[in-house]
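Visitor: I'd like to learn how to read the rings, pockets and side chains of a model like this one. Please take me through it one feature at a time.

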Amino acid sequence: MKISHRTVSLGAALALFTALTPALADSTATVGGFVNKGLVGVGRIPADQKDKFGETFGSGSGMSIDAASWTRGADGYKGSLWLLPDRGYNVVGTTDYRPRLNTIHIEFTPTALGATPTSGQEQTGVKATLADSLLLTDDKGADATGLDPLNGVRAANGDLPILPEANGKLALDNEAIARLPDGTMFISDEYGPNIYRFSADGHLLSATQPPAALVPMRKGAPNFASDNPGPGAAEPDPKDPETGRQNNQGLEGMALTPDGKSLIAVLQSAPRQDGGDSPATRQNTRALVYDASDPAHLKLVHEYAVPLPVFKDAKDKTKVAAQSEIVALSDKTFVMLARDSGNGQGAKGDTSLLRQIFVVDVSGATDIAGGAFDAADKPLAPKGVLDPSVTPAKLTPFIDINDNKELGRFGLHDGKPNDKNNLSEKWEAMSVVSVLDPALPDDYFLFVGNDNDFLTQDGFQVGAPYKAEDGADVDTMFLVYQVTLPGLAKK
């Protein structure tokens, strides 16, 4: 799916279902102003990295670059970013991992556009150093946990709605982060799926629950379990929610618009009642747009159906890719990372069929906020077929992460051999920062990071050492693209 070095027009509408195959990306011509100039840097943090608490570092489910720290000098760029891990090492089940936020110091020397780095230096352009780790706590300052909230519902209290709970602790499966100028932060989660606001020192300030259509329900009651029970715990009954977000398919992507006025959050894939009971019908997910003028009280103002990309797997079966992260360009446009599952270093399969970044335009989509589809008993897309009254957002391919020509310049690849230079399975973090070049005011570095699932042969977490199965040893990685995003700096 080569799309590099092309511009992509937001006006081109794509077929919604099986027409969106990997071959389509090659046929996408130009698109008004958005340009991928190519991969310009790669870096790693070793899989066995420990944080200041002595536990295995958890890489990137969410990322936010500190633009205020970003500087350009004669020897390259320096700055910092925040990297958000999810619920800890959980191959067998979830553990009592304390949620946290990591600060990463970045030194970046970009490779010239289209050039190949000097031999032996292919993956050293991004020097990433773990600088600090901050624990996230509940509103009382008590520890939170990554444990699956089996039947755990914390009662509403004051301005806080009902919340996921496990062993008496707030249960969090963090997925995306957006920092505010005062140091407070929005963090989206998988369990709720909620949007939390935390203070600069990491304690919970407020929480926003999504529309009822997204809240997981079992036997007529909210139930935030994800079917990943902790040690000795039973599975939820039933295994899957009857309506609401699917297990492990919560608010995976979230970002503030450049003007800070709107917060966009996107469900990883369709809710259960909208075809989310099958990998082939979970296509119609939702983008929620909140008024963020009062960060303590987010207000849902817009909501849109977003058709996820569809591809054919190795057995020629139709599959729907899940979205993993977004970067907001305006309240009408965002870029969205989508990917397949089960392929890459650390996974059983070796060749990913879709890891791609799309431009999403909602300007012509039907706004369903506050309407009948926000109730759990009115499916937006029964059995995966979108209600005919609803016009979805438009997707346009932008960057093909699996482009082996681009990856090869940096000693990486997609596919065999399934070694440390094969991209890992889960790419789930994105953020942008200016190239700081007056001659290129619309050019940015787009950082993309992986979630390594804490896979290492020298792990330590929740008081015990561990080794990942099958010898997996997956580094945290950063890919950096130079892109043109017209008008972003003016918003």
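**Rings, then empty space**

Guide: Let's start with Phe447, which is buried because its relative accessible area is 0% (buried is under 20%, exposed over 50%, partly exposed in between, with a 1.4 Å probe on protein chains only). This is a predicted model, so local features need pLDDT of at least 70 and side-chain atom pairs 80 or more, while totals for chains, interfaces and linings use all residues. Numbering runs from 1 along each chain as its sequence is written, and side-chain values use heavy atoms, without hydrogens or water.

Visitor: How do I read a ring pair, and what is the geometry of Phe108 and Phe447?

Guide: You describe two aromatic rings by the distance of their centres and the angle of their planes. Here the count comes to ten aromatic pairs (Phe, Tyr or six-membered Trp rings with centres within 6.5 Å; stacked under 30 degrees, edge-to-face over 60, tilted for the rest). Phe108 and Phe447 have ring centres 5.9 Å apart and planes at 70°, so they're edge-to-face. The two are 339 residues apart, with Phe108 in strand 5 (residues 100-108) and Phe447 in strand 27 (residues 443-450); strands are DSSP E runs of at least two residues, numbered from the N terminus. Phe108 also counts as buried, because its relative accessibility is 1%. Both belong to one aromatic cluster, with Trp70, Tyr77 and Phe445.

Visitor: On to empty space. What volume does the largest pocket have?

Guide: A probe the size of a water molecule, rolled over the atoms, shows where empty space is left. The largest pocket comes to about 1200 Å³ (an open set of 1 Å grid points with protein on both sides within 12 Å along at least five of seven lines; lining residues have an atom within 4 Å of a point). Of its 44 lining residues, Asn90, Val91, Glu425, Lys426 and Asp453 lie nearest the centre. By class, the lining has 20 charged, 16 polar and eight nonpolar residues.

Visitor: Which residues lie nearest the centre of the second largest pocket?

Guide: Ser64, Ile65, Ala67, Leu256 and Val432 do, out of 33 in the lining. This pocket holds about 810 Å³, and its lining divides into 23 nonpolar, six polar and four charged residues. Strand 3 gives the largest share of that lining, six residues. Among the other strands that supply at least two are strand 16 (251-256) and strand 22 (322-328).

Visitor: Is Ser324, which sits in strand 22, buried or exposed?

Guide: Ser324 is at 0% relative accessibility, so it counts as buried. The side chains of Ser324 and Arg339 are joined by a polar contact of 3.0 Å (an N or O pair within 3.5 Å, one able to donate a hydrogen and the other to accept it; sequence neighbours count only through side-chain atoms on both sides).

Visitor: And Gln249: where is it found, and which side chain does it make a polar contact with?

Guide: Gln249 is in the loop between strand 15 (221-222) and strand 16. Its side chain makes a 3.2 Å polar contact with that of Arg282. At 10% relative accessibility, Gln249 is counted as buried too.

Methods: 1 Å grid on protein atoms, 1.4 Å probe; cavity = no way out; pocket = protein on both sides within 12 Å on 5 of 7 lines; lining within 4 Å. Points joined across faces, edges and corners; volume = space filled by probe spheres on them. Nonpolar A, V, L, I, M, F, W, Y, C, P; charged D, E, K, R; others polar. Helix = DSSP H or I, 4+ residues; strand = E, 2+ residues; numbered from the N terminus.
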